[in-house]
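The following exercises concern the structure shown below. Each task is followed by a solution in steps.

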Amino acid sequence: MKVGDLVRISAKDMSAGTLTAVKFYARLTKDTGDKIGIILSGGPENFLVQFSTLQRVIHRKFLEIANNDTDKKTSKCKI
């Protein structure tokens, strides 16, 4: 992932963990919904992502790249 990539929240890597981690992920999913975000800055593990008017620093394991070629859901996204 790099600056400028379009991303969305991904649930595929979420496994059971501490209550704090589960609550964090649930709140992040609720805040962003099915929206596509853009990576504004970041390093190899954490990225600053803009979702509409909301900015969050998110670890790469919670993100997936939104790709128009392979994902039909992207064409109906809410920005």
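**Exercise 1.** Locate Ser10 in the chain, decide whether Ser10 is buried or exposed, and list the residues in contact with Ser10 beyond its neighbours within four places in sequence.

*Solution.* The model is a predicted one. Step 1: Ser10 sits in the loop that connects strand 1 with helix 1. Step 2: the relative accessibility of Ser10 is 3%; buried means under 20%, so Ser10 counts as buried. Step 3: with neighbours within four places in sequence set aside, the contacts of Ser10 are Tyr25, Lys61, Phe62, Leu63 and Glu64. Of these contacts, Tyr25 falls within the residue range 19–32 of helix 1, and Leu63 and Glu64 fall within the range 63–65 of strand 5.

**Exercise 2.** Derive the order of elements along the chain and the order of strands in the sheet.

*Solution.* Step 1: the chain contains one helix and five strands. Read from the N terminus, these elements follow the pattern β-α-β-β-β-β. Step 2: the five strands make up an open sheet with the order 4-3-2-1-5, paired in the antiparallel sense. Strand 4 and strand 5 are the edge strands, each pairing on one side only. On average, neighbouring strands of the sheet are turned by 45° against each other, direction ignored. Step 3: helix 1 (residues 19–32) packs on this sheet and touches strand 1, strand 3 and strand 4. The direction of helix 1 makes about 140° with that of strand 4.

**Exercise 3.** Describe the pairing of strand 3 with strand 4 and that of strand 1 with strand 2.

*Solution.* Step 1: strand 3 (residues 46–51) and strand 4 (residues 54–59) run antiparallel and are joined by six bridges. Within this pair, Gln50 is opposite Gln55 of strand 4. Two residues lie between the strands of this hairpin, in which Ser52 adopts a positive phi near 50°. Step 2: strand 1 (residues 6–9) pairs with strand 2 (residues 37–42) over two bridges, also in the antiparallel sense. Here Leu6 faces Ile38 in strand 2.

**Exercise 4.** Which residues form a nonpolar patch on the surface with Leu6, and why can Leu40 belong to such a patch?

*Solution.* Step 1: the patch consists of Leu6, Ile38 and Leu40, which together have about 220 Å² of accessible area. Step 2: Leu40 is a residue of strand 2. Its relative accessibility is 36%, so Leu40 counts as partly exposed. Patch residues need over 30% relative accessible area, and Leu40 at 36% therefore meets this cut-off.

**Exercise 5.** How many salt bridges does the whole structure hold, and which residues form the one that links distant parts of the chain?

*Solution.* Step 1: side chains of opposite charge can pair when their charged atoms come close. The search of the whole structure returns two salt bridges. Step 2: one joins Lys2 to Asp5, with the closest N and O atoms 3.2 Å apart. Lys2 is exposed at a relative accessible area of 54%, whereas Asp5 is buried at 13%. Step 3: the other is formed by the side chains of Asp31 and Arg56, at 3.4 Å from N to O. This pair links distant parts of the chain, as Asp31 belongs to helix 1 and Arg56 to strand 4, 25 residues apart. Asp31 is partly exposed at 32%, and Arg56 is partly exposed at 32% relative accessibility.

Notes:
Residues are numbered from 1 along each chain as its sequence is written. This is a predicted model: local features need pLDDT of at least 70, side-chain atom pairs count only at pLDDT 80 or more; totals for chains, interfaces and linings use all residues. Side-chain values use heavy atoms; hydrogens and water are left out. Helices (H or I, at least four residues) and strands (E, at least two) are DSSP runs, numbered from the N terminus. Two strands pair if DSSP finds at least two bridges between them. Axes are lines fitted to C-alpha atoms, for helices over the stretch in contact, and angles run from 0 to 180 degrees between N-to-C directions. Contact means heavy atoms within 4.5 Å. Patches are made of residues with over 30% relative accessible area and no salt bridge: like charges are joined within 9 Å, nonpolar side chains (Val, Leu, Ile, Met, Phe, Trp, Tyr) within 5 Å. Accessible areas come from the Shrake-Rupley method with a 1.4 Å probe; for residues, only the protein chains shown count as cover. A salt bridge is a side-chain nitrogen of Lys or Arg within 4 Å of a carboxyl oxygen of Asp or Glu. Buried means under 20% relative accessible area, exposed over 50%, partly exposed in between (1.4 Å probe, protein chains only).
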